[in-house]
Amino acid sequence: MYRISKQIHNKIIDAKHILLIPHQNPDGDALGSLTAFKQYLHKIDKPHTAFCVTDVPQNFRDLHHVDSISSDQSIWQNPNIDVVIVFDSGDLHYAGIDKYIAKLPKQVYIINIDHHATNENYGHLNMVITSSSSTAETLYNFFKHNDIEIDNKMATSLLAGLVTDTDFYTNGATSLSSLQITSKLISLGGDFALIKDIIFKNKTINVLKLWGIVLSRLKKHQEIDLVYTYLTQEDLDTYGVSESISDGISNFLNNLNDGEVCLLFKELPDNKIKGSFRTTKDNVDVSAIAKELGGGGHKKAAGFTIDGPLKEAARTVFELIKNKNLN
Ligand SMILES: [Mn+2]
């Protein structure tokens, strides 16, 4: 990783204008990594902008630099853009920028910083460290390798990534290094209390009511030992909450001591169905199933998007698992 860190650093020093990209519907790791990097570019006076194809979840607005992430497509018309850095995204489609890249009049240099095992290494430089708990952990090591000082803002941002992807140090991504880096970041001035408020203490009454509805629908598919539930667009409308709350529900399902795998189906506005797998079982690799369904992720947390309606999608997934076995 040391060599690739140096190569990326050289490229950044030479760049004219850098465009920073989180994956669509960004989580704390994508946003934390991007904003830590943005703070670094800001300090070295490197021209840059940040673009997200979807809106950024409201609760992250308190994290510095999040407000400057634009979803204005005209950003791509800046002729100075010569380097694009993508954070926490296994492929360009998931990042939501494949079409933009294809349409550019000249080629740009793509840097891919990630930790997903299913990453397609789509960049000219790929810093994909699958043993990292988070993209933020990968980035922490990048800063170290290049003797870049991590200030308190960068530390706070990186904490957002570690906290999100370890689900507050409770899931399988929690490791010696993730805990050591967390303690370093706090000693560098990282604001752990702020991150806790942004990521954990952010639920409204309506969000919890919706959780209640989704949890009350839990069912177990005995034959494949899978626990599942679903969330519809109508649910979101009824309670007036955004679809980003489903991440919290998926992670909460990890507390379940029943079944090999849990799966949350979520209806998307375009009649597609998004599925999110979670497992805590050592012998189960949900990223392999997600990959077969055209998605990706990690061994213990992965997702996919397929055609609806819900019943049809569920049947497709259950059949696939039946024929494949989970482990
Ligand atoms: Mn991540």
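In this predicted model, helix α6 (residues 152–165) packs against helix α7 (residues 176–187) at an angle of about 155 degrees, the two axes being 9 Å apart. Axes here are lines fitted to C-alpha atoms, for helices over the stretch in contact, and angles run from 0 to 180 degrees between N-to-C directions. Helices are DSSP runs of H or I with at least four residues, strands are runs of E with at least two, and both are numbered from the N terminus. The angle makes α6 and α7 roughly antiparallel to each other, given that angles over 145 degrees count as roughly antiparallel, under 35 as roughly parallel, 65 to 115 as roughly perpendicular and the rest as oblique. The crossing of α6 past α7 is left-handed, meaning that the near helix is turned anticlockwise from the far one by less than a right angle (clockwise would be right-handed). On the α6 side the contact uses Ala155, Leu158, Leu159 and Leu162, and these meet Ser178, Ile181, Thr182 and Leu185 of α7; residues are in contact if their C-beta atoms, placed from the backbone, lie within 7 Å. By class, that makes six nonpolar residues, two polar and no charged. Nonpolar covers Ala, Val, Leu, Ile, Met, Phe, Trp, Tyr, Cys and Pro, charged covers Asp, Glu, Lys and Arg, and polar takes in the others, Gly among them.

Numbering starts from 1 along each chain as its sequence is written. Since the model is a predicted one, local features need pLDDT of at least 70 and side-chain atom pairs count only at pLDDT 80 or more, while totals for chains, interfaces and linings use all residues.

A second helix pair brings together α2 (residues 28–43) and α5 (residues 135–145), with axes that come within 8 Å and cross at roughly 20 degrees. These two helices are therefore roughly parallel to each other. Asp29, Gly32, Ser33, Ala36 and Phe37 of α2 face Thr135, Ala136 and Leu139 of α5 across the contact, a set with four nonpolar residues, three polar and one charged.

Just along the chain, aspartate 147 sits in the loop between α5 and α6. Its phi is near 50 degrees, a positive value in a residue other than glycine. Another backbone feature is the cis peptide bond from glycine 308 to proline 309, with omega near -5 degrees; proline 309 lies in the loop between β12 (301–307) and α13 (310–324). Most residues other than glycine have a negative phi, and most peptide bonds are trans.

On the whole-chain scale, the protein splits into domain 1 (2–199) and domain 2 (205–324), with bounds taken from an automatic or database domain assignment. Their C-alpha centres are 26 Å apart. Contacts between them involve ten residues of domain 1 and 13 of domain 2, and the domain 1 side has two nonpolar, six polar and two charged residues.

Note on methods
Contact = placed C-beta atoms within 7 Å.
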